[in-house]
2 protein chains.
Amino acid sequence: MAKKPVKTRSKNSKVKKASNSAPSKKVVAGSSKVKRPKARVSTKDRKTLGELVSMADQVVLAARRKRDPHLDIPTRSLSNVKFNRRKRFIEMGKNTNRRLLFNLSQAKSYMQTMLVGSGCKQLIEQGKNTSIRGLYYMLKHTIDGTKENTFEEQSECDPVIEDVEVLLGSLREELHLYADKRGEMVGNLTLEDNGDLIDCARMGSGGYGIPSIVEPNVINFKKCTAKFVLHVEKGTVWQRFNEDKFWKKHNCILTHGAGQPPRGVRRLLNRMHNELNLPIFCLLDNDPWGYYIYSVIKQGSINLAYESQRMAIPKARFIGLRSKDYERCGLSPSVRIDLNENDRKRARQIMGYPWFEHKKAWQKEINLMLKNDFKLEVEALISKDISYVTEQYVPDRLADGDWLD
Amino acid sequence: MAKKPVKTRSKNSKVKKASNSAPSKKVVAGSSKVKRPKARVSTKDRKTLGELVSMADQVVLAARRKRDPHLDIPTRSLSNVKFNRRKRFIEMGKNTNRRLLFNLSQAKSYMQTMLVGSGCKQLIEQGKNTSIRGLYYMLKHTIDGTKENTFEEQSECDPVIEDVEVLLGSLREELHLYADKRGEMVGNLTLEDNGDLIDCARMGSGGYGIPSIVEPNVINFKKCTAKFVLHVEKGTVWQRFNEDKFWKKHNCILTHGAGQPPRGVRRLLNRMHNELNLPIFCLLDNDPWGYYIYSVIKQGSINLAYESQRMAIPKARFIGLRSKDYERCGLSPSVRIDLNENDRKRARQIMGYPWFEHKKAWQKEINLMLKNDFKLEVEALISKDISYVTEQYVPDRLADGDWLD
């Protein structure tokens with residue numbers, strides 16, 4: 001807890017050499033030896049900057065009117081999330097929580113919110129991006145004249161970043177923050193990434209690493225002859241499809257997200273779906289985790305409901321694996337993995353999601369998995385033949401129009 | 001345990017539809033509906049095939065001589081590993097364990113070894129690769145006439161794969177098995193990947209995804225003007241260096257391995273070092289984990305000592321972070337992360353590694369961390385300035401020749 005009202009930035013701060021033996025010397029975040037010229041700011045960045053500045057202006061305004069500065073932060077909890085049946089994705093409700101500066105239990109988080117805003121402003125002005133861990137380090141410092149740190153752990157900083165996102169209605173990427181980078185892409189698509197022309201049809205076995213920020217200021221689609229996107233769960237499965245040149249034979253784009261796809265992958269899928277008019281097919285495991293990944297791609301994540309508009313793909317299709325595949329594909333009993341209690345619990349939770357609740361096909365799908373009492377991984381198809389998944393399974397599903405949505 | 005001598009492959013096996021209600025119908029691994037033509041086999045593959053065939057021939061030979069079939073598998077344990085001071089990497093000793101077919105406690109693992117050999121032979125003949133999970137599924141089946149599975153868990157299969165590797169002296173990649181794919185690359189290098197020309201200087205913010213198999217039959221270096229490789233620990237740090245175009249300013253190649261680099265990244269670093277004569281600089285955290293990553297890159301992993309020859313880079317250099325950086329860079333006390341008991345224990349273990357034991361600079365380095373009693377992440381430098389690490393820290397170390405090796 002801060003012991004006194006806190007300035008987000010000390011005006012006369014200088015970087016001093018802090019040494020191990022003299023821990024009383026403090027360094028103030030945001031100050032730096034390097035005088036960095038302001039970068040050219042894009043129209044989009046200017047909008048975000050405007051939001052950040054007006055957030056700070058409110059403090060001044062409140063002070064002038066002799067009122068307590070406060071922030072009304074949209075509530076990020078299940079109670080304030082609802083499924084929009086028309087748009088078919090999760091949305092945030094209108095509830096907010098007031099955060100006051102002159103309140104002993106809120107002063108620190110108020111200060112942290114302002115700090116995050118100030119850090120993002122610096123990033124945008126410098127035309128730089130950083131990770132959420134980077135921002136944490138950028139802002140972490142011992143407050144002048146106290147032994148109080150602005151943040152103790154990154155886990156204190158992350159929710160404040162999400163607060164600022166919802167407060168300003170800006171995606172994290174617009175605040176110049178990037179997530180960890182995972183996932184790769186190959187296929188019949190040429191795009192421009194920071195001025196470099198990337199032909200995803202000529203990326204060998206390695207593929208193009210999907211960036212964590214894929215907004216139009218970084219990534220522009222140049223030429224696309226592909227007819228759909230096949231998104232697979234794991235990198236090893238992606239390698240199978242790439243090795244078999246599935247994307248060439250079926251004229252598509254092939255992506256993976258190394259498990260639960262990170263934001264960059266989800267946003268890129270969203271953009272390919274909306275801007276290139278490509279259907280998105282998801283090849284995921286027949287287990288609650290696979291269902292959940294699909295649910296997040298399709299309707300957005302409950303925790304980050306405010307991003308659904310630009311992340312969710314309500315028309316994304318689930319192409320497998322299916323609970324009926326054990327019989328349909330004639331799989332060996334040895335590839336079955338027994339469900340555990342947690343799997344059963346998660347499966348029932350997912351069945352109750354508003355976007356699965358009224359879908360007969362999904363209820364049947366999950367019920368059959370529960371009845372089977374086992375799950376199946378995509379890799380289980382290898383027991384048929386190493387390329388069964390690329391030469392038979394997916395082509396058959398596509399030809400028959402046999403998927404869930 | 002197998003109840004009777006086991007055939008690795010049933011000659012008259014057919015794929016039968018196994019259904020949930022009829023679990024007695026068995027499917028035999030290796031058989032498949034698809035009659036797959038044999039692929040063109042490269043010289044290197046032919047060598048590996050030869051090794052695999054001679055492994056099987058030994059069974060026939062033993063049978064003809066009316067002797068018990070057996071395999072002498074090099075021992076993969078710390079007791080059979082030694083540091084070769086001349087070559088400066090870890091090597092396996094000459095100890096072997098005999099695995100007998102006609103021994104109740106060894107029959108199953110004998111059968112599993114033969115199965116893995118047979119699976120790899122199929123892969124090579126078909127010109128296909130798969131993951132170790134894929135091979136597990138390929139080989140997993142219920143043995144005809146029993147309720148016994150060839151493998152219960154992947155954890156049973158993985159060590160057998162390593163057994164076959166050491167037995168044949170073949171890298172996993174030569175057995176057509178790939179590891180998970182992590183890590184990216186950008187920089188002044190053009191390479192050929194499966195016939196596609198990849199210019200790593202034109203890969204935008206995303207980068208080229210480093211494949212898991214980077215042997216010369218897949219990856220060929222075409223043109224390299226870079227003078228060194230900078231390998232960083234984490235993807236988020238890599239993004240900072242790529243965003244600041246460090247590799248362009250300093251004419252280098254920039255890689256990361258998403259933590260402990262996977263085999264593909266290590267092997268690629270090794271090839272760039274040996275074939276392109278590039279020094280490898282490693283920018284890792286100032287903590288036991290960072291030291292350990294460096295140790296693996298440099299001397300090889302103890303568990304997989306037999307690969308050192310083609311993976312280890314004894315001349316790899318550790319460019320930071322250093323224990324003295326807290327004072328040298330004037331970092332804020334708030335970026336220090338206290339060591340825990342496990343950190344201290346690991347640090348002392350690493351100090352005792354034969355390749356650090358006699359190095360004064362390394363002893364001093366690790367001792368200072370223990371004396372500091374805190375660790376520092378590369379990201380801590382962001383507290384100085386967002387681009388301090390790319391514009392000052394690394395350039396200064398390079399200019400001063402200030403690194404550990």
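Here is a walk through some parts of this structure, which is a predicted model.

Let's start with the big picture in chain A. The domain assignment splits this chain into domain 1, covering 43-178, and domain 2, covering 184-400. If you take the centres of these two domains of chain A over their C-alpha atoms, they sit 33 Å apart. The two domains do touch, though: 16 residues of domain 1 of chain A are in contact with 17 residues of domain 2 of chain A.

So what does domain 1 of chain A bring to that meeting? Strand 2 (81-84), strand 3 (89-92) and helix 4 (154-168) of chain A each put at least two residues on the side that touches domain 2 of chain A. The biggest giver is strand 3 of chain A, with 4 residues. Sort the residues on this side of domain 1 of chain A by class and you get 9 nonpolar, 1 polar and 6 charged.

Now move along chain A to a hairpin. Strand 8 (residues 189-193) and strand 9 (residues 196-199) of chain A pair in the antiparallel sense, over 4 bridges. As an example, find T190(A): its bridge partner in strand 9 of chain A is D199(A). There are 2 residues between the two strands of this hairpin, and N194(A), in the turn, has a positive phi of about 55 degrees.

Next, hop over to chain B and look for an open sheet of 3 strands. Their order is 9-8-11, and the pairing is antiparallel. Strand 9 (196-199) and strand 11 (219-224) of chain B are the edge strands, since each pairs on one side only. From one strand to the next, the twist averages 25 degrees. Zoom in on strand 8 (residues 189-193) of chain B, and you'll find that its antiparallel pairing with strand 11 of chain B runs over 5 bridges. Here T190(B) has K223(B) of strand 11 of chain B as its bridge partner.

Last stop: a pair of helices in chain B. Helix 8 (residues 288-299) and helix 11 (residues 341-351) of chain B pack at an angle of about 30 degrees, and their axes are 9 Å apart. How do we describe that arrangement? Angles under 35 degrees count as roughly parallel, so helix 8 and helix 11 of chain B are roughly parallel to each other. Helix 8 of chain B passes helix 11 of chain B in a left-handed crossing. On the helix 8 side, the contact is made by P288(B), Y291(B), Y292(B) and S295(B), while helix 11 of chain B brings D343(B), R346(B), A347(B) and I350(B). By class, this contact between helix 8 and helix 11 of chain B has 5 nonpolar, 1 polar and 2 charged residues.

Definitions and conventions:
Residues are numbered from 1 along each chain as its sequence is written. Chains are lettered from A and ligands numbered from 1 in the order in which they are written. This is a predicted model: local features need pLDDT of at least 70, side-chain atom pairs count only at pLDDT 80 or more; totals for chains, interfaces and linings use all residues. Two strands pair if DSSP finds at least two bridges between them. Axes are lines fitted to C-alpha atoms, for helices over the stretch in contact, and angles run from 0 to 180 degrees between N-to-C directions. Domain bounds come from an automatic or database domain assignment. Two residues are in contact if their C-beta atoms, placed from the backbone, lie within 7 Å. Ala, Val, Leu, Ile, Met, Phe, Trp, Tyr, Cys and Pro count as nonpolar, Asp, Glu, Lys and Arg as charged, and the others, Gly among them, as polar. Angles under 35 degrees count as roughly parallel, over 145 as roughly antiparallel, 65 to 115 as roughly perpendicular and the rest as oblique. A crossing is left-handed if the near helix is turned anticlockwise from the far one by less than a right angle, and right-handed if clockwise.
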